[in-house]
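I opened this notebook to record what I looked up in one structure, beginning with its enclosed space and then moving on to strands, cysteines and loops.

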Amino acid sequence: MNNKIVAIWVSLAMMLGLIVIIIEIAQVVEAPTTWYVDDVPGSGPGNPPEDFTSIQDAINAAIDGDTIFVYNGTYIENVIVNKILTLTGENKNTTIVDGGWANDVIYVSSNWVNISGFTVTHSGVNWYDAGIDLDSVEQCRITDNIATDNSRGFLLYYSNRSTLFSNNAVDNWDFGFSIRNSNNNTITENNATNSDIGFYLLYSNDNTVFKNIGWNNGDGICVSYSRNNTVKHNNISSIWDRGVYLYYSNENQVTGNNLSHCYHGIHLDLSDFNNVRDNLVSFSTENGIYLDNSHKNNISSNDVSNNNPGIYLDTAHDNDITGNNVTDNDYGVFLFESLNNSIDENDFISNDADGIYLDSSSNNIINNNYFSQNPDSITLFSSTNNSITNNNVSNFVTRSWAVMLEGSSYNRINNNNFSSNIKAISLSSSSNNNITNNNVTDNWIGIDLYSSSNNSITNNNAYLNEADGLYLYLSSNNKIMNNNVYLNDIVGIEVITSTNNTILGNNVYSNTEKGIYLGFASNNNNISKNNVYSNKEDGIFLISSNNTIKSNNISSNDGMGVHLAYSKEIIVSNNTMTNDGIFIWGPTVEHWNTHNIDTSNTVNSKPVYYLKNQTGGIVPFGAGEIILANCSNVKIEQQNCNYSSCGIELGFSTNNTIIQNNVSNNDYGICLGWSKGNNISNNTAFFNNNGIFIDEESNENNFKENIVSNNYYGISLDDSFDNTISVNNVTNNFFGIGMSIPSNNLIYHNNFINNTVQAYDYTNNANQWDNGYPLGGNYWSNYVGVDKFKGPNQDIPGSDGIGDTNYSIDSDSVDNYPLMEPYIYQSLENYTLLKQGWNLISIPFIQINQNLIKVLEMIDGYYDAVQWYDPTDPNDPWKHNRVGKPYGNDLFEINETQSFWIHITHPGDTIFLYNGTQPSVIQTIQIYKGWNMVGYPSLTNHNRTEGLNNLIFGTHVDAILTYNAAKQKWIKLGPSDYFEPGKGYYIHAKEECTWEVPL
C-alpha cells in the first residue's frame, strides 16, 4: 500500500516538471519579428515608425526567421545577411542600397534568405563584388530587385537551389547575373541590360535560365565549363557579341529562346552533347548559330533567319542539324573543316548565298532537306565523302545551282529532286563522286561536269531541261550509265573536249536537238548499249572526235542516226539502227577513210556496207546503207536503201557507178561530198528530205535518168562544179532543184513537174540551164509560154517543141529553150510501185535464185503474205507464204514466169526494185487449159496482139485480166490495151499451149 502511494507521488512530480519545462521553452522561442528601417531618423514616413536607420543594424538585431522591411530612401552601406531573414524594400525603384564603390552591396552568407524590392548600386570593382552576392548558400530567393552600376549585378557563388526571379540588372560593368560554381538554381523572368555579359554561368550545373530578357549586352547568356543547364524561352536582343554562348560546356539545353540582332545568335565553343532546339535566331550580324570545335550537338527545329550565315560549323563534328527553318540568311548552313555532321529535314528558303556550303568538310550527311529560292542551294568546296540524298531543290525564281561541287571528291548525290535551277548538279574539278537516282527536271542544264574525272552518273532522270540534260566539258574517265535523258530543249548528253568517258546503257530520246553530242577533241569515249531514239536532230553526233560507238539501239531520230563530222578513226560496230543510219562528213580524206565500220551495224535489219580505199568491185546486194570512202570504180546497183539517214553516200570517191537503186524515206537519198566523175543513173529517190545532194567540190559527175519525187529538196548542189544533170524526172518536191555557190553545171532535158519551187540558183547565172539550140533545155510544168517560132533566136515561124520565150529561174538565171512537152526517154524498167493492200505483180527479170525470200528481199518487212495459183494441182491449187507463220506454208519459190498476189502492209507507196538478169532472148511460159497466173518477162510494152505473139486471142486464149491496186479494180485487156512489165496477169486458155513472150 505504501509502495503504491509513493509511486503515484513520483509520477505526479514528473508530470509537473514536464509542464514547467514546456512553459520555459515557450517563453524562449519567440514569434518572428518584422523590423523597420528608415534612412531618416525619427521623422520618416514609415508606419509603423522605424526601428533602425541602418539595414545592417536591423540585421544585427534580428534573429532567424525575422523580416526586415526597409522604407524608401538611400542607404549607403554594405549589407551582410548572415541569418535566415527576409529583406523587403518598400519600392524597388526608390529603396536604394548604395555600396559606396566598395565590396558587395548586399552579401548573403546564410541559407533561406529572401531579398526583394531594392535597388542595389555602386559595388566594388573586383570580380567578386556584386550588387547582391549569394556566397555558399542554398534555398535563397532574390526577387524583384534592381542592380545597377555594379561590377556584377547579381552573383551566386558556390550557392545552390536558389531562385533569382523578376530582377533587373542594368548598366553593370561586368555581368548582370553571375552564377559561379553554383548548381540547381532557377534564374527566371529577369532582365539584364547594358552589361558585358547579361547572364553568366561558370562551373555551374543543372541550373535553369528561363524567360529572361537580355538587351544591349556584350554576351546575352554565357555558359562556361558548365553542364546540364537549361537555357529556355529567353528573349535576347541587341547583343554586341553572342546571344547565347556555351564555352567548354556539355549536355545543356538551349531551347525556345528568341535571339535577335546579336553578333552571333547562339555560339557553342568547345561544347558537346548540347541540345539547341526551337529557338528563333534572327538578324545576327555574323552567325545565327555558331559551332566552333563543338561536337555531337543537336541543332533542331530552330527558326534561323536574316543572319550571316544562318548556322556555321567550324571544325565541328558529329552534330545533328535537323528540322530547322533557315531563311533569308547569307548562307543557310556553312561547314568549315567539319566532319560527320547530319543536316536533315531542314527548310532552306531565300538565303542570299548558298542554302548549305561545305568547305573542306567530309563525311557529312545532307538528307531530306527542302530548298527554294537560294542562289546556290548546296555547295561543296574541297570536301569529300559527303552524302547528299533525298533533298528537294526548286529555285524557280532565282534560277540558281541546286548542287555545286568544286574540288570535291568521293561524294554521293543520290535520290534527290532538282527542278527549276540554272544547273541542277554541277561539278568543277571534282572526282570520284557518285550521282545516282536523281530526278533532274526543268533546269537550264541538268547535270554539268567541268574539268572533273572518274565520276559515276547513273540511273538519273534528266528531262525537260531548257538546255542539255547532261553536259561534260574538259572532263575525263566519267561513267554515264543507265540514265533516262529526254525532252530536253537542246541536247540530251553533250560532251565537249572530254576524253575516256563511258556513256553506257542510257535512254536518250525526244530531245529538241541531238541525243548524244561529242565534240572538239572528245576522244576515246565509249558510247555503248544506249537507246537513242526520236530526237529532233541527230541521234549520236561526233565532231572532231575519236570514239567508239558500239551496240546501241538507234531509231527514228529526225536527223542522222550516227553523224560523224570532221572526225577520224571512229569505231562503229554492232549498232542496230531502225529508220536511221550513219552519215559521214569532213573536208579531208582522213575524215572518211580512217573509220572502222563493219557489217555488224544494221539499218532496218540489213547490213551497213562501209567501203574504204577500195578500187573496183560490186557492193553486195541487200544493203541497208552504203558508204564509199576514198573508193573508185565501185558499182552500186539494184539496192533498196530506205528509211535510213543516208541511203548511199560517197566521200572522196571517183568514177563509181550508182545505178538502178531505190533510195526512199531517208534524210539524204544519195549524197556526194568531195567526189568526182561518178555516174548516178536510173535511180529512184522518193520521200527523202534531200533526194540527191551534191556538195563540197563534187565535180564532173553525171546524174541521168533518175526519178526524184516527193522529197523536200529534189536535187541540191552546193560548191560543186561541172556536173551534168540530164534526163531526170523531178516531180512533186518542195524544191525541185537548187544551186548554191556551184558554177558551170549543165542542167537540161529534165522534167520539172509540180514542184512547189521548181528551181533556185544563187550563183549569179554561173550555171547553164539548157544545152543550146536545137537540143533545148528542160520541161517546166508551170511554163506559160507558147511555141509559134523556131530557130536559135525563136524568130522563125513554125513550131519546134521549144518555147518562144525563156523560163526564168530567177533574175539572172534562165532556161533559154524550155521544152513544151516532157522529155521522153526510155522509162526506168527495174521497179514497180506497190500500194498498201493486195497487188498482182510479176518480175520481168530472169531469176537465177528463185527462193521467195531472196526474190522479195528488196521489200523485206513491207509485206506479210504471198500467194499463187498453180493450175497443175487441181486438188490444192492456191499456194501460200505467210510471214511469221511457219506452219502451213507451201509457196517457197517464184520466178519470172509467174504472177503472184502480194499483200503490202506498209502505208503509202512501196518501191519494189527488181533483182535478176534482163532477158536477152524470148522467154517461154507453159499455159494450161483453164486459168493461169502468168508473169510478163519483157521490158517492153506490147498491145494484146503483139504481146501474145505466137498465140491467137480467141483460138488459144479467150480472156486476159490484170488488177489495178491503186483503184482496186479488175481490168480486162482489150485489143488496144498493153501488156506492161511488172504487172501480173490471169490468162484463160482454151487448150494447153506455150507462150513465147516477146522482148
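**Entry 1: the cavity.** I took a cavity to be a set of grid points where a 1.4 Å probe fits but cannot get out, with lining residues having an atom within 4 Å of a point. I keep in mind throughout that this is a predicted model. Searching for cavities of 30 Å³ or more, I found that the structure holds one, and the volume of the largest cavity came out at about 60 Å³. Which residues line the largest cavity? I listed Asn642, Tyr643, Asn662, Ser664, Asn665, Phe686, Phe687, Tyr862, Asp909, Thr910 and Ile911. When I sorted this lining by character, I obtained five nonpolar residues, five polar ones and one charged one.

**Entry 2: strand E81 and its partners.** I next turned to strand E81, which covers residues 690–695, and asked how many of its six residues are buried. The count was six of the six, so I noted E81 as largely enclosed by the rest of the structure. I then looked up what E81 pairs with, and found that strand E78, residues 668–673, runs parallel to E81 and is joined to it by five bridges; within this pairing, Gly673 has Asp695 of E81 as its bridge partner. Strand E84, residues 713–718, is also parallel to E81 and is likewise joined to it by five bridges, and here I recorded Ile715 in E84 as the bridge partner of Ile692.

**Entry 3: a parallel sheet.** I traced an open sheet of six strands with parallel pairing, whose order I wrote down as E75-E77-E79-E82-E85-E88. Its edge strands are E75 (635–637) and E88 (746–748), each of which pairs on one side only. Ignoring direction, I noted that neighbouring strands of this sheet are turned against each other by 5 degrees on average. At the E88 edge, I found that E88 is joined in the parallel sense to strand E85, residues 724–726, over three bridges, with Ser726 standing opposite Tyr748 in E88.

**Entry 4: an antiparallel sheet.** I also traced an open sheet of four strands, in the order E103-E108-E105-E106, where the pairing is antiparallel. The edges here are strand E103 (930–934) and strand E106 (969–972), and each of them pairs on one side only. From one strand to the next, the twist averages 25 degrees. I looked at the E106 edge in detail and found four bridges joining it, in the antiparallel sense, to strand E105, residues 957–964; Asn964 stands opposite Lys969 in E106.

**Entry 5: strand E97.** How many of the six residues of strand E97, residues 837–842, are buried? I counted five of the six, so this strand too is largely enclosed by the rest of the structure. E97 runs antiparallel to strand E100, residues 899–904, and six bridges join the two, among them one in which Ser842 has Ser899 of E100 as its partner.

**Entry 6: cysteines.** I searched the whole structure for disulfides and found zero. Why does Cys262 form no bond of this kind? I found its closest cysteine sulfur in Cys222, at 13 Å, which is too far for a bond, given that a disulfide needs two cysteine sulfur atoms within 2.5 Å. Cys262 is buried, with a relative accessible area of 0%. I repeated the check for Cys641, whose sulfur lies 9.1 Å from that of Cys646, the closest cysteine sulfur, again too far for a bond. Cys641 also counts as buried, at 0% relative accessibility.

**Entry 7: two loop residues.** I placed Glu697 in the loop between E81 and strand E82 (702–704), and asked whether this residue is buried or partly exposed. With a relative accessible area of 43%, Glu697 is partly exposed. I also looked up its separation from Ala353, which is 344 residues away along the chain, and noted 56 Å between the two C-alpha atoms. The other residue I looked up was Ser408, found in the loop between strand E46 (401–406) and strand E47 (412–414). Ser408 is buried, at a relative accessible area of 0%, and from C-alpha to C-alpha it is 30 Å apart from Asn274, with their positions 134 residues apart in sequence.

Conventions
Residues numbered from 1 in each chain as written. Predicted model: local features only at pLDDT ≥ 70, side-chain atom pairs only at ≥ 80, totals over all residues. Heavy atoms only, no water. Buried < 20%, exposed > 50% of the residue type's maximum accessible area, 1.4 Å probe, protein only. Pairing = 2+ DSSP bridges. Axes fitted to C-alpha atoms, helices over the stretch in contact; angles between N-to-C directions. 1 Å grid on protein atoms, 1.4 Å probe; cavity = no way out; pocket = protein on both sides within 12 Å on 5 of 7 lines; lining within 4 Å. Points joined across faces, edges and corners; volume = space filled by probe spheres on them. Nonpolar A, V, L, I, M, F, W, Y, C, P; charged D, E, K, R; others polar.
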